[in-house]
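Visitor: I would like a close look at one part of this structure, and then a walk through its surroundings. Please keep it friendly and spell out your terms as you go.

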Amino acid sequence: MWHDAAVPPPAEHAVPLVRRGGRTLDAERAGDGPPVLLLHGLTATRRYVVMGSRLLERSGHRVIAYDARGHGRSTPAPAPGAYGYADLSSDLHAVLDATGSKRAVLVGASMGAHTALRLALEQPSRVAALALITPSYDPALPASAEALSAWDALADGLRRDGVEGFVRAYDLQALPPRWRATVEKVLRQRLSAHEHPLAVADALEAVPRSRPFEHIRQLGAIHAPAVVVGSRDEADPAHPLAVAEHYAGAIPGASLLVEDPGSSPLAWQGGQLSRVIGELAARAGAGAA
């Protein structure tokens with residue numbers, strides 16, 4: 001069994017480590033106030049949730065962000081397949097405990113959104129509110145062999161030739177020409193931020209094969225305030241707008257936010273996204289502590 005241990009409260013912007021057995025989750029905490037916890041997506045790091053915006057911590061929130069296992073500066077999982085949502089949810093629980101957060105506003109992007117939902121379904125008392133950014137998991141559509149093959153190709157490219165191999169395996173041609181340069185730049189930046197790229201390759205194979213929950217109707221049990229941020233398919237086809245719409249329709253009282261047609265996705269705009277999260281946290285009120 002892993003044992004969790006918190007590091008003494010750090011100064012603002014210092015980096016505490018959540019220790020789990022012989023492994024660590026690299027995290028940071030900044031600001032004072034009700035906790036807002038940021039969870040990034042697959043192949044990203046904690047920098048890629050609100051894109052470096054400091055608006056939340058400057059407006060009275062304690063912002064906690066961490067690198068998922070095997071990502072960023074966090075150490076790899078104990079086994080290549082130990083990147084499923086049960087593992088990721090357990091890590092999230094450990095971070096909440098280690099930072100003294102009885103309840104928090106959970107802000108998750110893609111894999112992070114699915115992880116937040118799993119915890120919300122398993123331990124609703126720990127969740128003050130949910131901001132779900134570009135979810136992609138559709139429980140009604142199990143991952144096809146073709147889709148899994150594409151994930152495996154990304155993992156293989158990363159193992160064989162690092163960032164360049166990953167970028168070559170990524171289907172940039174599926175994007176409209178106006179978005180290709182931006183997406184390629186972001187891919188190179190975030191793939192270069194990992195201390196353990198082979199662990200990220202393991203996660204690329206394991207996460208798409210894991211199911212955070214079984215049925216969309218399960219989301220009807222969530223009663224925390226929630227907002228779902230979707231992206232239009234032209235700019236972000238890997239995160240279908242239809243999935244965000246399904247989530248927003250299934251979670252009682254949830255609102256759906258999407259950028260205007262032709263605009264840059266809201267999920268890419270850290271300042272605007274932070275304002276949305278701040279408004280959600282205000283709705284949660286004293287529920288976060």
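Guide: We will begin with a helix and the loop before it, then move outwards.

A word on the ground rules: this is a predicted model, in which local features need pLDDT of at least 70 and side-chain atom pairs count only at pLDDT 80 or more, while totals for chains, interfaces and linings use all residues. Residues are numbered from 1 along each chain as its sequence is written, and side-chain values use heavy atoms, with hydrogens and water left out.

Our part is helix H3, residues 111-122. Helices here are DSSP runs of H or I with at least four residues, strands are runs of E with at least two, and both are numbered from the N terminus. H3 has 12 residues and reaches 17 Å from its first C-alpha to its last, close to the expected 16 Å; that expected span is 1.5 Å times one less than the number of residues.

How much of H3 is buried? The count is 10 of its 12 residues, so H3 is largely enclosed by the rest of the structure. Buried means under 20% relative accessible area, exposed means over 50%, and partly exposed is in between, using a 1.4 Å probe and protein chains only. The buried residues are Met111, Gly112, Ala113, His114, Thr115, Ala116, Leu117, Arg118, Leu119 and Ala120. Their cover includes S4, H2, S6, S7 and helix H7 (241-250), where contact means heavy atoms within 4.5 Å.

Step back to the loop between strand S6 (104-109) and H3, and you meet Ser110. Most residues other than glycine have a negative phi. Ser110, although not a glycine, has a positive phi of about 55°. Ser110 counts as buried because its relative accessibility is 14%. Thr134 makes a good companion: it is not a glycine either, and its phi is positive at about 45°. Thr134 sits in the loop between strand S7 (127-133) and H4, and at 6% relative accessibility it counts as buried.

One of the elements covering H3 is H2, so let us look there next. Helix H2 spans residues 85-98, and its 14 residues reach 20 Å from first C-alpha to last, close to the 20 Å expected. Its buried residues include Tyr85, Leu88, Leu92 and Val95. In the loop between H2 and S6 lies Thr99, which is buried at 10% relative accessibility. Leaving aside residues up to four places away in sequence, Thr99 touches Arg29, Arg62 and Ile64. Its C-alpha atom is 9.2 Å from that of Pro35, although the two are 64 residues apart along the chain. H2 is also followed by Gly100, with a positive phi near 70°.

S4, S6 and S7, which help cover H3, also pack against the buried residues of H8, as do H1, strand S8 (226-229) and S9. H8 has 15 residues and reaches 21 Å from first C-alpha to last, close to the 21 Å expected. Among its buried residues are Leu273, Val276, Ile277 and Leu280. Just after H8, Gly285 takes a positive phi of about 60°. On the other side, the loop between strand S9 (255-257) and helix H8 (270-284) holds Ser263, which is partly exposed at 31% relative accessible area. Ser263 and Val36 are 227 residues apart in sequence and 27 Å apart in space, C-alpha to C-alpha.

Beyond the Thr134 loop comes H4. Helix H4 (145-169) packs with helix H5 (177-191) at an angle of about 145°, their axes 8 Å apart. Axes are lines fitted to C-alpha atoms, for helices over the stretch in contact, and angles run from 0 to 180 degrees between N-to-C directions. Leu158, Val163, Glu164, Phe166 and Val167 of H4 meet Glu184, Leu187, Arg188 and Leu191 of H5. By class, this contact has six nonpolar, no polar and three charged residues; Ala, Val, Leu, Ile, Met, Phe, Trp, Tyr, Cys and Pro count as nonpolar, Asp, Glu, Lys and Arg as charged, and the others, Gly among them, as polar.
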